[in-house]
Amino acid sequence: MNDVPQPRASGESAMTEKLLVFLGSERVSGPPRPARLGERVVAACMTRLGRRDVDAALIDPVEVDLPHPFKPHFAYSKGKAPEAMERLAEEIESADGYVMVSPEYNHMMSPALSDLLNHFGSSLFSYKPSAIVTYSAGQWGGTRAAVSMRTFLSELGCLPVSAMIHIPHAQDVFAEDGGYLDGVDGDRWDGYLDRTFDQLCWWAKAAREQRRRDTARPDAYTVSAKERDAPTDDASNMTDR
Ligand SMILES: Cc1cc2nc3c(=O)[nH]c(=O)nc-3n(C[C@H](O)[C@H](O)[C@H](O)COP(=O)(O)O)c2cc1C
């Protein structure tokens, strides 16, 4: 990914929106081939984002060292999570928006992406927008995965913008460095990607302004999921989720 425009250093401009681009692929070998097709897709996304006045940083699950067995960030006492996890939590909290890039595995988003995101609470993501980018080696471009990603990301509080990017036969569109292969109409693809990124950047800016203006936001639940249950006459019927 050497030819990808380098994102601006974090915090370079106070007025520049910060985006985190999550790569939902850690499949390092085939079949099916090519393996880790997602690297091409994410490189193409970084290239388009690099042409905007945003600070875009890539989050690669292969490079994030998460504890096993599963223990999410919010299950640790404040400041006591493993360092890599604390660092990523800070990155997520300080971001203004997210790009979620996922292959389709069995008609769902990739387990690498859902596992990574499940480690962090909605309070870090909330009141910000997200963009859904899916791809596949076959003809559907991950559209079925994208449908469930809308639900997932809404629950996290980073609301997906209406436009989405789906890339069928991604191996026939992008070269390894994320550039377009010969014979591909790059201008049309650029326009397609930009439509979603236009929406994302608009909302990221708007949401950031509003977060600054109005800091008294309704909190995510703090102790138990029951805090958001509908009122009921019979408290004994209340279940946790
Ligand atoms: C476990 C698994 C399940 C898959 N399921 C689907 C699927 O439901 N729909 C689809 O279009 N492609 C599916 N594929 C093919 C992927 O689109 C293709 O392998 C792609 O390269 C995956 O992205 P990655 O290389 O970044 O992991 C599947 C691949 C794997 C490994």
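These exercises work through the predicted model shown above.

The model is predicted: local features need pLDDT of at least 70, side-chain atom pairs count only at pLDDT 80 or more, and totals for chains, interfaces and linings use all residues. Residues are numbered from 1 along each chain as its sequence is written.

**Exercise 1. Confidence and overall layout**

Task: State the mean pLDDT of the chain, and list the order of its elements from the N terminus on.

Solution.
Step 1. pLDDT is the predictor's confidence in each residue, from 0 to 100. The mean for the chain is 90, and 89% of its residues reach 70 or more.
Step 2. Over residues 1-13 pLDDT stays under 50.
Step 3. Helices (H or I, at least four residues) and strands (E, at least two) are DSSP runs, numbered from the N terminus. The chain has 6 helices and 6 strands.
Step 4. Their order from the N terminus on is β-α-β-α-β-α-α-β-α-β-β-α.

**Exercise 2. Helix α2**

Task: Find out what the end-to-end distance of α2 should be, and which of its residues are buried.

Solution.
Step 1. The expected span of a helix is 1.5 Å times one less than its number of residues. Helix α2 covers residues 83-94, so its 12 residues should span 16 Å; the end C-alpha atoms are 17 Å apart, which agrees.
Step 2. A residue is buried if 20 or more other C-beta atoms lie within 10 Å of its own, exposed if 12 or fewer, and partly exposed in between, with C-beta atoms placed from the backbone. By this rule M85, L88 and I92 are the buried residues of α2.
Step 3. Seen down the axis of α2, the buried residues fall within an arc of 65 degrees, so they line one face of the helix. The arc is that of the directions from the helix axis to the C-beta atoms.
Step 4. On the other side of α2, the exposed residues are E83, R87, E90 and S94.
Step 5. The buried residues of α2 pack against β1 (17-23) and α4.
Step 6. S123 is found in helix α4. The C-alpha atoms of S123 and I92 are separated by 9.9 Å, although the two residues are 31 apart along the chain. S123 counts as partly exposed because it has 17 C-beta neighbours inside 10 Å.

**Exercise 3. Strands and the core around V21**

Task: Say how many bridges join β1 to β2, and which residues V21 is in contact with beyond four places in sequence.

Solution.
Step 1. Two strands pair if DSSP finds at least two bridges between them. β1 and β2 run parallel and are joined by 6 bridges.
Step 2. In this pairing V21 stands opposite L58 in β2.
Step 3. Strand β2 (residues 54-59) has 5 of its 6 residues buried, so it is largely enclosed by the rest of the structure.
Step 4. Two residues are in contact if their C-beta atoms, placed from the backbone, lie within 7 Å. Leaving aside neighbours within four places in sequence, V21 is in contact with V42, C45, M46, A56, A57, L58, I59, V99 and V101.
Step 5. A nonpolar core is a set of buried Ala, Val, Leu, Ile, Met, Phe, Trp, Tyr and Cys residues joined through C-beta atoms within 7 Å. The largest one has 58 residues, of which V21, F22, V41, C45 and V99 touch the most other members.
Step 6. Helix α1 (residues 38-49) gives the most to this core, with 7 residues.

**Exercise 4. Helix α5 and the loop before it**

Task: Decide whether G141 is buried or exposed, and name the buried residues of α5.

Solution.
Step 1. G141 lies in the loop between β4 and α5. G141 counts as buried because 22 C-beta neighbours lie inside 10 Å.
Step 2. G141 and A170 are 29 residues apart in sequence, while their C-alpha atoms are 7.7 Å apart.
Step 3. Helix α5 (residues 143-156) has 14 residues and should span 20 Å; its end C-alpha atoms are 20 Å apart, which agrees.
Step 4. The buried residues in α5 are A145, A146, M149, F152, L153 and L156. Their cover includes β3 (97-103), α3 (111-118) and β4 (128-135).
Step 5. G157 follows α5 and has a positive phi, near 95 degrees.

**Exercise 5. Backbone details in loops**

Task: Identify which residues a cis peptide bond joins with omega about -5 degrees, and where N106 is placed.

Solution.
Step 1. A cis peptide bond joins G30 and P31, with omega about -5 degrees. The bond from P31 to P32 is cis as well, with omega near -5 degrees.
Step 2. P31 is in the loop between β1 and α1.
Step 3. N106 is in the loop between β3 and α3. N106 has a positive phi of about 50 degrees although it is not a glycine.
Step 4. N106 counts as exposed because it has 8 C-beta neighbours inside 10 Å.
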